[in-house]
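Trainee: I would like a close look at a single part of this model, with its surroundings described residue by residue.

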Amino acid sequence: MHNLRYVTRKQLSPVKKELVLIINNVQNLIRKDFTFQFYFVGSAERNMVTYDVGTNKGFDFDVNIQVNNSSDKFTAEQIKTKIRLALDRIAPKFGFDYAEDSTRVLTIKVKDRKKSRILYSCDFAIVNDYIDDDGNGGQEYIHFNKRQNKYSWKEQSQGFYLLEEKAEWINDNGYWQKVRALYLDKKNQNNDPNKHSRSIYAETIHEICQKYGYYN
């Protein structure tokens with residue numbers, strides 16, 4: 001059991017501005033190869049970033065990097081590697097460590113080494129939003145299979161689709177405080193270090209939508 005609380009806007013704002021500067025610099029570094037857009041997602045977009053009182057984990061942001069068509073000539077591994085290497089050139093100038101490459105995301109962290117704690121971090125998922133031949137929207141992301149040391153585009157799980165549309169429906173129907181309460185409860189109950197905030201946020205949105213009639 002954790003003791004998570006929400007981070008204030010005042011705490012979040014300067015870090016978010018730093019992250020935007022980092023991403024802008026990364027865009028400039030790799031522009032000769034391909035371009036991308038980015039957006040904060042989930043709890044970061046909705047000012048629902050949390051921190052665990054009394055632990056060394058700090059708080060984290062989630063960002064989607066949406067690659068443009070100019071990336072088609074590169075493999076999934078090449079795209080993720082180019083972005084990782086660019087982050088490694090830029091992020092340390094802002095006090096972050098080098099990027100860590102995990103199954104779904106690249107992560108950069110700012111640490112207080114004297115106290116052996118993470119102050120804050122950011123997870124970057126590299127995604128491709130698309131419309132299929134039937135006009136349905138979908139999303140895939142670059143997946144890293146560590147056991148096989150292989151990168152590939154993988155379909156995003158259903159819970160990640162239309163998150164903002166669902167969140168707007170919840171807010172418009174007066175259920176947003178229920179999202180905040182359930183999300184915090186889920187994070188407090190989570191003991192899986194590989195389960196990131198974006199996954200818990202997607203679960204929360206889905207459960208509230210299911211409970212209050214979005215899918216009816």
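Which residues does I83 touch, not counting residues up to four places away in sequence? Please also place I83 in its core, and then go through N64 in the same manner.

Mentor: The model is predicted, and what follows is computed from it. Beyond residues up to four places away in sequence, I83 touches I30, F34, I65, L106 and I126. I83 is also listed with L19, F61, I108 and F124 as the residues that have the most contacts inside the largest nonpolar core, a set of 38 residues. Two or more residues of this core come from each of the helices and strands α1 (9–30), β2 (36–40), β4 (59–67), α3 (76–90), β6 (106–112), β7 (117–131) and β8 (137–145). Seven residues, the largest share, are supplied by α1. Separate from this is a second core of 17 residues, and Y183, I205, I208 and C209 are among them.

N64 lies in strand β4, one of the elements that give two or more residues to the largest core. The relative accessible area of N64 is 6%, so N64 counts as buried, the limit being under 20%. With neighbours within four places in sequence left aside, the contacts of N64 are Q37, F38, Y39, V41, A125, V127, Q139 and R198. For A125, 61 residues from N64 along the chain, the C-alpha separation is 5.0 Å. With R198, the contact is polar and runs from side chain to side chain, at 2.7 Å.

Notes. Residues numbered from 1 in each chain as written. Predicted model: local features only at pLDDT ≥ 70, side-chain atom pairs only at ≥ 80, totals over all residues. Heavy atoms only, no water. Core = buried A, V, L, I, M, F, W, Y, C linked by side-chain atoms within 4.5 Å. Buried < 20%, exposed > 50% of the residue type's maximum accessible area, 1.4 Å probe, protein only. Helix = DSSP H or I, 4+ residues; strand = E, 2+ residues; numbered from the N terminus. Contact = heavy atoms within 4.5 Å. Polar contact = N/O pair within 3.5 Å; in protein donor to acceptor, adjacent residues only side chain to side chain.
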